[in-house]
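Me: I would like a close look at one part of this protein, the disulfide and the helix that carries its second cysteine. Please set it in the context of the rest of the chain.

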Amino acid sequence: DLLLEGADAQSVRDCVDALDAGPKQAIALAFFQGLSHAELAAHMQEPLGTVKSWVRRGLERLKRCLDGAGFAR
């Protein structure tokens, strides 16, 4: 079980590392600091629409990457 958990964690890290800088930062701030889209836009000094797109597309890319890596859910 621990080996599988370690492999899953590595898959997540690999997929997050594959994201572009903007989406990666936006997702990290949203999930680990609990920032809203508006707060992200202000913090990152980017338009609200850009930040929303980064989060949405970044999450879509993470899902595809994890699905392709056989991520065990």
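Reply: What follows starts with the whole chain, moves to the disulfide and its helix, and ends with two residues elsewhere in the fold.

The model is predicted. It contains 4 helices and 0 strands, and the order along the sequence is α-α-α-α. Along the principal axes, the C-alpha atoms occupy a box of roughly 40 × 20 × 20 Å. Of the 73 residues, 26% are buried. The accessible surface is about 5,100 Å², and carbon and sulfur atoms account for 56% of that surface. As for charge, there are 9 positive and 10 negative groups, and the mean positions of the two sets lie 8 Å apart. When contacts between residues at least 6 apart in sequence are taken, 49% of them connect residues at least 24 apart.

Now the disulfide. The count is 1 disulfide, and the bond runs between Cys15 and Cys65 with an S to S distance of 2.0 Å. Distant parts of the chain are linked by this pair: Cys15 belongs to helix H1 (residues 2-17), Cys65 belongs to helix H4 (residues 48-68), and the two are 50 residues apart. The angle about the S-S bond is -80°, and the link between Cys15 and Cys65 is left-handed.

The two ends of the bond are not covered to an equal degree. Cys15 has a relative accessibility of 4%, so it counts as buried, the cut-off being under 20%. Cys65 has a relative accessible area of 30% and is therefore partly exposed.

Helix H4 itself has 21 residues. From its first C-alpha to its last it spans 30 Å, close to the 30 Å expected at 1.5 Å a residue. The buried residues in H4 include Val51, Ser53, Val55, Gly58, Leu62 and Leu66. A general point helps in reading such a list: an α-helix has 3.6 residues a turn, so residues three or four places apart point the same way. Just after H4, Gly70 adopts a positive phi of about 70°.

H4 also takes part in a contact with H3. Met44, which is in helix H3, touches Trp54, and helix H4 covers residues 48-68. Leaving aside neighbours within four places in sequence, the other contacts of Met44 are Gly22, Gln25, Ala26 and Leu29. With a relative accessible area of 13%, Met44 is buried. The C-alpha atoms of Met44 and Leu29 are 9.7 Å apart, at a separation of 15 residues in sequence.

Leu29 appears again in the surroundings of Leu35, a residue of the loop between helix H2 (21-32) and helix H3 (37-44). With neighbours within four places in sequence left aside, Leu35 is in contact with Leu29, Ala30, Leu40 and His43. Leu29 is thus listed for Leu35 as well as for Met44. Leu35 has a relative accessible area of 22% and is classed as partly exposed, since buried requires a value under 20%. Between Leu35 and Ala21 there are 17 Å, C-alpha to C-alpha, for a separation of 14 residues in sequence.

To return to the part you asked about: the bond between Cys15 and Cys65 ties helix H1 to helix H4, with Cys15 buried and Cys65 partly exposed.

How values were computed. Residues numbered from 1 in each chain as written. Predicted model: local features only at pLDDT ≥ 70, side-chain atom pairs only at ≥ 80, totals over all residues. Heavy atoms only, no water. Buried < 20%, exposed > 50% of the residue type's maximum accessible area, 1.4 Å probe, protein only. Contact = heavy atoms within 4.5 Å. Areas by Shrake-Rupley, 256 points an atom, 1.4 Å probe, with all protein chains shown as cover. Lys, Arg positive; Asp, Glu negative; His and termini not counted. Charge placed at Lys NZ, Arg CZ, Asp CG, Glu CD. Disulfide = S-S within 2.5 Å. Expected span 1.5 Å × (residues − 1).
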